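Trainee: I have just opened this entry and would like a friendly tour. Could we go through it with questions and answers?

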Amino acid sequence: MSSRILFSPRLARGMASATVAGTGVLLYMYTRNVAQADSAAPRQVFGAGPAFLSLQLESAETVNHNTKRLRFKLPEVDSVSGLTLTSALLTFSWPNGSALPVLRPYTPISALDEPGVLEFLVKKYPDGKQSTHLHSLQPGDSLRFVTRIPGYRWQPNKHPQIVLIAGGAGITPAYQLIRGILQNAQDHTRITLVFGVNTDADVLLRKEFDEYEARFPGRFKAVYTVSQPVDGSPFRRGYVSKELLEEVAPTSGDCKVFVCGPPSMENALVGTWRKSGILTELGFQKDQIHKF
């Protein structure tokens with residue numbers, strides 16, 4: 001996991017943002033404060049520039065054996081994140097025993113316009129310095145956020161239908177986009193989620209997805225596949241395979257596909273410079289596929 005994060009496109013964008021941001025942070029903070037003082041709109045904590053902001057942990061909820069839901073307080077009760085859909089935040093810490101500081105991107109799962117708070121779903125990895133540090137935080141502790149990392153520029157109704165393929169902790173950017181689309185009454189995009197995990201306990205956000213299927217029949221569908229299901233599991237057994245995608249994913253030219261998961265899964269789906277991926281074999285063109 002650590003090698004994937006170190007060389008992820010999101011971390012690269014975040015590092016670039018942080019480098020550029022450092023040279024202009026004082027000017028930015030001044031102009032932002034002046035602009036917001038003249039506006040009645042809620043303060044956007046993570047706007048277009050850097051933040052270098054320390055947020056206090058309000059609560060930590062254990063979700064399963066290796067995942068926690070962390071809820072941080074924004075500086076003011078009426079301030080909002082200011083993030084756009086598919087954005088992440090670059091975090092900074094210096095964990096105990098680490099010779100160097102650690103920078104890692106995480107995607108919020110709370111509504112981007114929710115005032116006063118910011119929530120994350122964080123999976124702990126055995127060799128993950130930042131995820132281990134985040135799991136050790138107690139209410140009242142703080143975490144530093146460096147800057148926002150913009151992602152795919154979502155435009156409502158640009159794509160009549162999308163497929164989101166997620167594996168493991170890759171569900172968080174998928175959930176953020178799903179939530180944003182379905183909460184926008186003007187966005188009529190149809191969504192298919194394909195979520196592959198190791199065990200039944202790893203099917204995160206199941207309650208939320210069930211509610212969306214009930215509220216938006218015909219617009220949202222979730223498909224789960226579990227490689228090591230328990231006896232009597234309600235989920236299908238297996239991986240995110242070509243056969244599964246042939247069954248559940250539309251392959252028309254107006255469909256956009258978003259992928260986020262472990263490197264092996266992403267390589268199998270998107271391909272490498274040596275070999276084409278499953279999505280190409282199914283007829284999707286390169287410009288139809290986006291990796292978070």
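Trainee: Let's begin with one arginine. Is Arg 71 buried, partly exposed or exposed?

Mentor: Keep in mind that this is a predicted model. The relative accessible area of Arg 71 is 23%. Buried would need a value under 20% and exposed one over 50%, so Arg 71 is partly exposed.

Trainee: Which residue does Arg 71 meet in the salt bridge with an N to O distance of 2.6 Å?

Mentor: General chemistry helps here: side chains of opposite charge can pair when their charged atoms come close. For Arg 71 the N to O distance is 2.6 Å, and the cut-off for a salt bridge is 4 Å. The partner is Glu 119.

Trainee: How many residues apart in sequence are the parts that Glu 119 and Arg 71 tie together?

Mentor: Glu 119 belongs to strand β5, residues 117-123, while Arg 71 belongs to strand β2. Glu 119 has 11% relative accessibility and counts as buried. Because the two residues lie in these two strands, their pair ties together parts that are 48 residues apart in sequence.

Trainee: Which residues are linked with Arg 71 in a network of salt bridges?

Mentor: The chain has 10 salt bridges by this count. Some residues are linked in a network that includes Arg 71. Its other members are Glu 58, Arg 69, Glu 114, Glu 119 and Glu 208.

Trainee: Glu 76 forms a salt bridge with Arg 43. How many residues apart in sequence are the parts they tie together?

Mentor: The closest N and O atoms of Glu 76 and Arg 43 are 3.1 Å apart. Glu 76 sits in the loop between β2 (67-73) and β3 (88-93), and Arg 43 in the loop between α2 (9-37) and β1 (53-64). Glu 76 counts as partly exposed at 31% relative accessibility. Because the residues lie in those two loops, the pair ties together parts that are 33 residues apart in sequence.

Trainee: What about Asp 210 and Arg 206: in which helix do both lie?

Mentor: Their side chains meet in a salt bridge, 3.2 Å from N to O. Asp 210 is partly exposed at 31%, and Arg 206 counts as partly exposed at 31%. The two are four residues apart, about one turn of the helix, and that helix is α5.

Trainee: Let's turn to the rings. Is the pair of Phe 72 and Phe 120 stacked or edge-to-face?

Mentor: A pair of aromatic rings is described by the distance of the centres and the angle of the planes. The count for this model is 13 aromatic pairs. For Phe 72 and Phe 120 the centres are 6.0 Å apart, with 80 degrees between the planes. An angle over 60 degrees is the cut-off, so this pair is edge-to-face.

Trainee: Phe 72 also pairs with Phe 145. How many residues apart in sequence are the parts this pair ties together?

Mentor: These two rings are 5.6 Å apart centre to centre, at 85 degrees. Phe 72 and Phe 145 are buried. Phe 72 is in strand β2 and Phe 145 in strand β6 (residues 142-149), so the parts they tie together are 73 residues apart in sequence.

Trainee: Now for the open sheet of six strands. Which strands stand at its edges?

Mentor: The order is β10-β9-β8-β7-β11-β12, with parallel pairing. A strand at the edge has a single partner, so one side of it is left without a neighbour in the sheet. The edge strands are β10 (236-237) and β12 (289-291).

Trainee: In that sheet, which residue of β11 is the bridge partner of Val 163?

Mentor: Strand β7, residues 161-167, pairs with strand β11, residues 255-260, in the parallel sense. The pairing runs over six bridges. In β11, the partner of Val 163 is Val 257.

Trainee: One last topic, the cysteines. How many disulfides does a search of the whole structure find?

Mentor: A disulfide is a covalent bond between the sulfur atoms of two cysteines. Cys 255 counts as buried at 1% relative accessibility, and Cys 260 counts as buried at 8%. For disulfides, the search of the whole structure finds zero.

Key. Residues are numbered from 1 along each chain as its sequence is written. This is a predicted model: local features need pLDDT of at least 70, side-chain atom pairs count only at pLDDT 80 or more; totals for chains, interfaces and linings use all residues. Side-chain values use heavy atoms; hydrogens and water are left out. Buried means under 20% relative accessible area, exposed over 50%, partly exposed in between (1.4 Å probe, protein chains only). Rings of Phe, Tyr and Trp (its six-membered ring) pair if their centres lie within 6.5 Å; planes under 30 degrees apart count as stacked, over 60 as edge-to-face and the rest as tilted. Two strands pair if DSSP finds at least two bridges between them. A disulfide is a pair of cysteine sulfur atoms within 2.5 Å.
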